[in-house]
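This report is intended for a reader meeting the structure for the first time. Please keep the sequence and the model in view while reading.

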Amino acid sequence: EIEAERAFRDAMAIDATYAPAYIELANWYVENDFQMYEGELSGLYEVYLQLVPNDAEALYGQALLSTEMQDYGPALKLAEALMDQYPGEGRFVVLAAQAQAAMGDFDRALDSFSIYLRMLPEDERKIYDDLSIVAKPEELKAYREIPESDREEFLEAFWRKRDLTLVSAGKARRVEHYRRVWYAQLH
């Protein structure tokens, strides 16, 4: 695997304007424990995007890296730009939600997560709505027995009870649940 890294570096040394070498090395780092390479990743994305501006995959990678590095301002800016450019792409919406939540904007984060969840196929959406890990058995039973039309009201009360801040009406805890599910799904 180190041979792959060396080959990409050799290609960059031969031709510093050969854009594929930068993005392929970035992708290789992401696939092979990005945390070990996160300092280099940002530079690779920057050079690649100078050579190939507005590449959605590279911009997504850069925004995701910013999120992983807890640098949420740039992540949100990139995610919002990508959402404008590609309105049907849920992965950009969820990155915005992640950044908004981390920055304490729970109303916007919950709105963004709601948009994202509507974009998902039903089987994937169920993972986010699964309360079995956080609910008491009697709460889970009650949730499963109420009609679909009444579930949102139930969820608001459910998350409000678990909100340690007591000021976000449960939104902070609900958003944190969504953040954790997304992170687990991603990794």
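The paragraphs below treat confidence, pockets, the cavity, one helix and one residue in turn.

**Confidence**

The model is a predicted one. The protein chain has a mean pLDDT of 90, and 97% of its residues reach 70 or more. Among the elements of the chain, H6 has the highest mean pLDDT, 95, and H3 the lowest, 85.

**Open and enclosed spaces**

The table lists the volumes of three spaces.

| Space | Volume |
|---|---|
| Largest pocket | about 500 Å³ |
| Second largest pocket | about 280 Å³ |
| Largest cavity | about 30 Å³ |

The largest pocket, with about 500 Å³ of space, has a lining of 16 residues, and those nearest its centre are Arg125, Asp129, Tyr143, Glu148 and Leu155. Two or more lining residues come from each of helix H7 (106-119), helix H8 (122-129), helix H10 (151-162) and helix H11 (171-186). Divided by class, the lining of the largest pocket holds 10 charged residues, five nonpolar ones and one polar one.

The second largest pocket has a volume of about 280 Å³. Its lining also numbers 16 residues, and Val30, Tyr45, Tyr60, Gly61 and Leu64 are the closest to its centre. The elements that supply two or more residues to this lining are helix H2 (19-31), helix H3 (34-51) and helix H4 (56-68). H4 gives the most to the lining of the second largest pocket, namely seven residues. In this lining, 10 residues are nonpolar, three are polar and three are charged.

How many cavities of 30 Å³ or more are there? The count comes to one. The largest cavity is lined by Tyr128, Asp129, Leu131, Leu155, Trp159, Arg174, His177 and Tyr178. H8, H10 and H11 are the elements that give two or more residues to this lining, and the largest share, three residues, comes from H11. Five residues of the cavity lining are nonpolar, two are charged and one is polar. Asp129 and Leu155 appear in the lining of the cavity, and both are also among the residues nearest the centre of the largest pocket.

**Helix H11**

H11 contributes to the linings of the largest pocket and of the largest cavity. The helix has 16 residues, and the distance from its first C-alpha to its last is 22 Å, close to the 22 Å expected at 1.5 Å a residue. Which residues of H11 are buried? They are Ala172, Arg174, Val175, His177, Tyr178, Arg179, Val181 and Trp182. Of these, Arg174, His177 and Tyr178 also belong to the lining of the largest cavity. In an α-helix there are 3.6 residues a turn, so residues three or four places apart point the same way. The cover over the buried residues of H11 includes H4, helix H5 (72-85), helix H6 (90-102), H7, H8 and H10.

**Residue Ala79**

One residue of helix H5 is Ala79. Is Ala79 buried or exposed? Ala79 counts as buried because its relative accessibility is 0%, and the cut-off for burial is under 20%. When residues up to four places away in sequence are left aside, Ala79 touches Phe92, Leu95 and Ala96. Ala79 and Val47 are separated by 32 residues in sequence and by 19 Å in space, C-alpha to C-alpha.

How values were computed. Residues are numbered from 1 along each chain as its sequence is written. This is a predicted model: local features need pLDDT of at least 70, side-chain atom pairs count only at pLDDT 80 or more; totals for chains, interfaces and linings use all residues. Side-chain values use heavy atoms; hydrogens and water are left out. On a 1 Å grid over the protein atoms alone, a cavity is a set of points where a 1.4 Å probe fits but cannot get out, and a pocket is an open set with protein on both sides within 12 Å along at least five of seven lines; lining residues have an atom within 4 Å of a point. Grid points are joined across faces, edges and corners, and a volume is the space filled by probe spheres set on the points. Helices (H or I, at least four residues) and strands (E, at least two) are DSSP runs, numbered from the N terminus. Ala, Val, Leu, Ile, Met, Phe, Trp, Tyr, Cys and Pro count as nonpolar, Asp, Glu, Lys and Arg as charged, and the others, Gly among them, as polar. The expected span of a helix is 1.5 Å times one less than its number of residues. Buried means under 20% relative accessible area, exposed over 50%, partly exposed in between (1.4 Å probe, protein chains only). Contact means heavy atoms within 4.5 Å. pLDDT is the predictor's confidence in each residue, from 0 to 100.
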